[in-house]
Amino acid sequence: MIQHPLPSTEGVHAAARSIAAILPPTPLLPVEIAGVRCWVKAESLQPIGAFKIRGGWWRLSNLTEEERARGVVAVSSGNHAQGVAWAAKKLGIKAVIVMPRDAPRVKLAATRALGAEIVLYNRPGEDRDEVAAREVEQRGAVLVHAFGDPWVIEGQGSAGIEITQQLGRQPSRILACCGGGGLAAGLALACPDAAILPVEPQGWDMVGQAVAAGEVVHVGPNPPSTVCDALRPDATKEINLSVLRNRAGPCLSVTDEEVRAAQRFAFANLQLVLEPGGAAALAAALAGKAQLDEHSVIMLTGGNTDPGDFARVIGGKTVAFDN
């Protein structure tokens, strides 16, 4: 394997050039929130419906020929799964995705449709990293981690390069939906002059706690439920924290109801369908949890949600979601 110990700004720019050769930039759309005109980056409009296509493509396109022949294993509740599966299909690489049995049905179906093999595990009850490690060992494959991988971080950061080109300057701040911190770390490298505000579900703020503590923090034994299935890793990784130290903050958290309100707002005002995890950053902005100005950018990171669940949210009804 090519040695690549730490992600870099140079790597983010290289990733952006590679991604620009195969994908058009996603729109940067104006939006008014509390009387302030700012911007949203519609990553929900990617071919797989999420920003994860960036990291998946950059990681797999940097595999050696020998590694490509061995195939890849990834772990995901759905969006990273589709990003890796999409890149694997395009590059002719065998992809095995470890996914929780309670992942949204729409994400399971989309991953299978892209040709990936799915290995299911129980959440809670089984350690997904252990399941993935077992698959890697048995198959001799390459692990493509959802956020704790330098190429994945650089690939996600390519969104920040696009934002800078579209704005004509670096943004003042970026609100980023945050699970393990891959996107937030990539954006920090891409936009060194911007404040990076990770937004996590309440009770799952493992990046926020790690940034505050200065070390990786693991979720407690009885974490609360959340509608944000895409934002539920047990902990960030040291590689992400190494980038986000002294760069991320304030770290924010949002409730399920704030997320649902953001989904309704995006549908009514932007004509966009957002999954719960993809609406977290917008939820923080709408709830007044971050200062906004004309150069602020809010990441809308995914739109892969079950139609029935989404219809109930838009109708203002309480819904448990299939996660």
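Biologist: How far is the sulfur of cysteine 228 from the closest cysteine sulfur, and which cysteine holds that one?

Modeller: The closest one sits in cysteine 177, 8.0 Å away, and that's too far for a bond. Keep in mind that this is a predicted model.

Biologist: What makes 8.0 Å too far for a bond?

Modeller: To count as a disulfide, two cysteine sulfur atoms must lie within 2.5 Å. The sulfurs of cysteine 177 and cysteine 228 are 8.0 Å apart, so they fail that test. The count for the model is zero disulfides.

Biologist: Are those cysteines buried or exposed, and how do you know?

Modeller: Buried means under 20% relative accessible area. Cysteine 177 has 4% and cysteine 228 has 1%, so both count as buried.

Biologist: Okay, on to the rings. How many aromatic pairs are there?

Modeller: There are two aromatic pairs. One of them joins tryptophan 57 and tryptophan 86, with 6.3 Å between the centres and 70° between the planes.

Biologist: Why is that tryptophan pair called edge-to-face?

Modeller: Ring centres have to lie within 6.5 Å to pair, and planes over 60 degrees apart count as edge-to-face. With 6.3 Å and 70°, tryptophan 57 and tryptophan 86 pass both checks, so the name fits. Tryptophan 57 is in helix α2 and tryptophan 86 in helix α4, so the pair ties together parts 29 residues apart in sequence. Both of these tryptophans are buried.

Biologist: What about phenylalanine 267 and phenylalanine 310?

Modeller: They're edge-to-face as well: 5.6 Å centre to centre and 75° between the planes. This pair links helix α11, home of phenylalanine 267, to helix α13, home of phenylalanine 310, across 43 residues.

Biologist: Why does phenylalanine 310 count as buried, and what is phenylalanine 267 called?

Modeller: At 8%, phenylalanine 310 falls under the 20% cut-off, so it's buried. Phenylalanine 267 has 38%, which lies between 20% and 50%, so it's called partly exposed.

Biologist: Last topic, the sheet. In what order do its strands run?

Modeller: The order is β5-β4-β3-β6, an open sheet of four strands with parallel pairing. From one strand to the next, the twist averages 25°.

Biologist: What makes β5 and β6 stand at the edges?

Modeller: Each has a single partner strand, so one side of each is left without a neighbour in the sheet.

Biologist: How do you know that β4 and β5 pair?

Modeller: Pairing takes at least two bridges. Strands β4 and β5 have five, so they pair, in the parallel sense. Proline 100 stands opposite tyrosine 121 in β5.

Terms used
Residues numbered from 1 in each chain as written. Predicted model: local features only at pLDDT ≥ 70, side-chain atom pairs only at ≥ 80, totals over all residues. Heavy atoms only, no water. Phe/Tyr/Trp six-rings, centres within 6.5 Å; stacked < 30°, edge-to-face > 60°. Helix = DSSP H or I, 4+ residues; strand = E, 2+ residues; numbered from the N terminus. Buried < 20%, exposed > 50% of the residue type's maximum accessible area, 1.4 Å probe, protein only. Axes fitted to C-alpha atoms, helices over the stretch in contact; angles between N-to-C directions.
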